[in-house]
Amino acid sequence: MSSRRVVVVDDHDMFRAGVRSEIGASVDIVGEGSDVDTAVKAIVGTEPDVVLLDVHLPGGGGTEVMKQVHQRHPDVKFLALSVSDAAEDVIGVIRAGARGYVTKNISGTELVDAINRVAEGDAVFSPRLAGFVLDAFSGAIDIASVDEDLDRLSQREREVLRLIARGYAYKEVARELFISVKTVETHVSSVLRKLQLSNRHELTRWATDRRLV
């Protein structure tokens with residue numbers, strides 16, 4: 001079997017280099033992308049078997065990459081590879097057309113196996129994430145209402161929401177997102193207002209109930 005042709009899309013140069021080093025001997029990495037535009041260009045230009053796609057990308061995110069590519073090349077297969085294991089992210093990219101979703105703590109051997117399986121038409125998920133997808137389809141998570149609530153929030157507000165719900169202090173959120181503490185406070189106030197919540201404890205419970213953390 002010839003090597004699978006793979007494009008790696010992630011906005012961190014070091015991570016892409018790490019993936020190349022880890023699996024480059026087992027697959028043929030034919031291109032890379034660091035945002036929506038460079039990703040689409042690399043994928044359309046090389047038509048790989050599988051695209052390893054980060055969910056959060058500058059320029060519109062992984063779902064935008066899939067939308068643009070599938071308009072021209074509907075057969076390209078995507079495997080989401082992300083640090084996030086939030087239900088919203090998992091279900092969002094699956095709905096957009098990804099064939100699987102694995103988290104970044106996966107081993108190189110497991111990743112090569114996942115790439116081969118996706119290339120052959122299988123769907124591949126890290127074990128915990130498979131449960132999210134089953135719950136979504138069984139109706140245990142009301143995805144429509146989650147989407148509706150989240151649609152009121154900007155991308156940055158969603159990032160702040162998730163970190164606050166995970167127990168980060170305002171100072172830690174500021175450091176993680178490279179913004180000021182004052183900006184974090186402004187975003188939190190806005191999120192509470194839009195979701196009609198009173199404090200960060202309610203916010204945490206709201207996010208946990210919807211499996212966003």
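This is a short exchange on strand S5, its neighbours and the largest pocket.

Modeller: The model is predicted: local features need pLDDT of at least 70, side-chain atom pairs count only at pLDDT 80 or more, and totals for chains, interfaces and linings use all residues. Residues are numbered from 1 along each chain as its sequence is written, and side-chain values use heavy atoms, without hydrogens and water.

Biologist: What makes residues 100-103 strand S5?

Modeller: Strands are DSSP runs of E, at least two residues, numbered from the N terminus; helices are runs of H or I, at least four. Gly100 and Val102 point one way from S5, Tyr101 and Thr103 the other way.

Biologist: Why are these residues called buried?

Modeller: Buried means under 20% relative accessible area (exposed is over 50%, partly exposed in between; 1.4 Å probe, protein chains only). All four meet that, so they are buried.

Biologist: How do you know that S4 and S5 pair?

Modeller: Pairing needs at least two DSSP bridges between two strands. S4 (residues 77-82) and S5 have four, so they pair, and they run parallel. Tyr101 is the bridge partner of Ala80.

Biologist: What makes the S4, H4, S5 unit right-handed?

Modeller: With the strands pointing away from the viewer, the path from the first strand over the helix to the second runs clockwise. By contrast, S5, helix H5 (residues 108-119) and S6 make a left-handed β-α-β unit.

Biologist: Which element gives the largest share of the lining of the largest pocket?

Modeller: H4, with seven residues. The lining has 40 residues, and His56 and Asp89 are among those nearest the pocket's centre.

Methods: On a 1 Å grid over the protein atoms alone, a cavity is a set of points where a 1.4 Å probe fits but cannot get out, and a pocket is an open set with protein on both sides within 12 Å along at least five of seven lines; lining residues have an atom within 4 Å of a point.
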